[in-house]
Amino acid sequence: MIVLIAKTHTKREAFVSQGACNSRRRTTSPASNSIATMEEQHDGKSAGDRRSDRFRQYYYGFPAGTTIPLVFVLLVAGSLFLILGPSNSVLTLPTLRVVFNNPIHITAAATPPPPAPPPAASNASEEDIEDIGLPPPRQLSDPPYSLGRVIPDYDARRSAWLAAHPEFPARVHPAGRPRVLLVTGSAPCRCPDPDGDHLLLRAFKNKADYCRVHGLEVFYNTAFLDHEMSGFWAKLPLLRSLMMAHPEVEFIWWMDSDAVFTDMAFELPWERYAAHNLVVHGWEAKMYEEKSWVGINTGSFLIRNCQWSLDLLHAIAPMGARGPVRDMHGELFAKELSGRPPFEADDQSALIYLLVTQREKWGAKVFFENSYELNGFWELIVDRYEEMRREGRWPLVTHFVGCKPCRRYADSYPADRCRLGMERAFNFADDQILKLYGFGHESLNGTAVQRVGNDTGGPLDAENEELGRLLHPTFRAIAKTA
């Protein structure tokens with residue numbers, strides 16, 4: 001409507017202006033028309049320019065020179081209408097979505113979808129969660145799984161390496177005990193449970209304290225080295241790799257992440273294991289006679305760096321390949337081992353099954369340790385720490401079997417019960433370390449500490465034998481020879 005009114009008005013003005021010009025041309029004498037007068041009357045334009053201007057006025061409907069202002073006014077008015085107009089107008093500004101390597105599409109603005117609801121709680125096993133994103137599992141028709149190439153002359157190669165590198169002896173000070181590497185670890189991802197990462201940190205701090213006191217080396221793993229060996233089985237490729245990468249290590253001490261040292265001064269009787277390659281917590285009769293699936297526990301065990309151990313790992317590994325192979329062996333273990341529930345195969349059941357069925361091959365090199373708690377069950381321990389402290393005897397390791405510090409499952413123990421038990425175990429062990437510095441926890445149920453001893457000018461000269469056992473092995477050796 002605005003455009004039509006503008007055109008009508010400008011045409012009338014064009015014809016009026018043209019008539020006035022013709023009138024002036026008729027009343028003017030030809031003798032008085034000089035070039036200067038004509039330029040003044042017609043703004044210095046030639047006759048051709050004037051005819052062109054008249055043509056544009058007649059054809060377009062408005063005078064020359066008014067096109068740009070008129071277009072600018074229309075654009076401003078339209079922009080203000082689109083911006084300030086009602087929100088429910090059909091004239092809404094479009095949204096541009098640019099997709100590279102594809103044509104550009106213009107789509108109307110849309111309301112973003114509502115956020116996805118949080119995933120529902122699941123009773124999936126730890127292995128199911130860890131298997132997300134992994135390649136398809138091995139099938140029963142596939143070739144058996146293997147950890148890698150079998151090394152038939154490993155002992156000879158290791159002995160040659162040790163002879164060529166005397167600076168890395170397999171036996172160390174004090175008393176020439178074997179060089180030991182303590183190995184533990186956790187999953188590579190963050191714990192879904194809010195307290196999980198904090199508990200794992202405290203568990204590793206506990207192991208680092210014990211290793212420092214006894215001069216042990218420690219290795220913390222957070223990687224799955226083989227996608228087929230997930231869950232319980234992740235330790236197998238790790239142990240094999242560490243053995244070959246550290247020929248100077250005589251024993252590898254595996255500890256689960258939920259196992260806690262609770263006797264920080266206890267030194268293992270290493271000479272007792274001189275003729276054995278595997279040290280496990282358990283009972284020989286319970287395993288061989290009863291075939292109990294809890295006859296031993298693999299949450300804390302020692303394995304020697306030798307050919308025998310590599311062969312043992314290679315013999316166990318095929319039973320734990322992720323997928324149908326693991327499920328099939330889980331059913332087999334449930335039938336052959338007493339008391340075992342029918343769940344997928346685990347490394348502890350596989351070891352028991354192998355030792356029971358091939359005792360003549362492996363049994364002679366296995367030591368069943370039950371004279372101390374290499375792997376103590378937490379429910380029988382955590383409420384008796386104060387009593388044990390008065391008696392002067394407590395377990396070396398408290399293992400929180402069934403308490404998952406990182407994840408919760410339907411078959412786990414109650415979370416509050418596990419948290420309190422772990423808190424007491426951590427504080428009980430930490431008190432033995434803090435006592436060397438004159439401090440201790442006010443209660444095993446909390447984190448507050450208090451001073452329990454006086455400062456001394458010579459802490460390494462302490463006459464307290466209990467504190468002296470917590471000194472670094474080098475200092476203990478110096479004290480004995482002084």
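This is a walk through the sheet and the cysteines of a predicted model. Residues are numbered from 1 along each chain as its sequence is written, and side-chain values use heavy atoms, without hydrogens or water. Local features need pLDDT of at least 70 and side-chain atom pairs count only at pLDDT 80 or more, while totals for chains, interfaces and linings use all residues.

Let's start with the sheet. Its 6 strands (DSSP E runs of at least two residues, numbered from the N terminus) form an open, mixed arrangement in the order β6-β5-β7-β10-β9-β11. Two strands pair if DSSP finds at least two bridges between them. At the edges, β6 (217–221) and β11 (366–369) each pair on one side only. Inside the sheet, β5 (residues 180–185) and β7 (residues 251–255) run parallel, joined by 4 bridges; Val180 has Phe251 as its bridge partner.

Now to the cysteines. There are 2 disulfides, a disulfide being a pair of cysteine sulfur atoms within 2.5 Å. In one, Cys191 joins Cys406 with an S to S distance of 2.1 Å. The torsion about this S-S bond is about -115°, so the disulfide is left-handed. Cys191 sits in the loop between β5 and α7 and Cys406 in the loop between β13 and α15, so the pair ties together parts 215 residues apart in sequence.

Cys403 and Cys418 form a disulfide too, with sulfur atoms 1.9 Å apart, and both are buried (under 20% relative accessible area, 1.4 Å probe, protein chains only). What about Cys189? Its sulfur is 6.2 Å from the closest cysteine sulfur, in Cys406, too far for a bond.

Methods
Buried means under 20% relative accessible area, exposed over 50%, partly exposed in between (1.4 Å probe, protein chains only).
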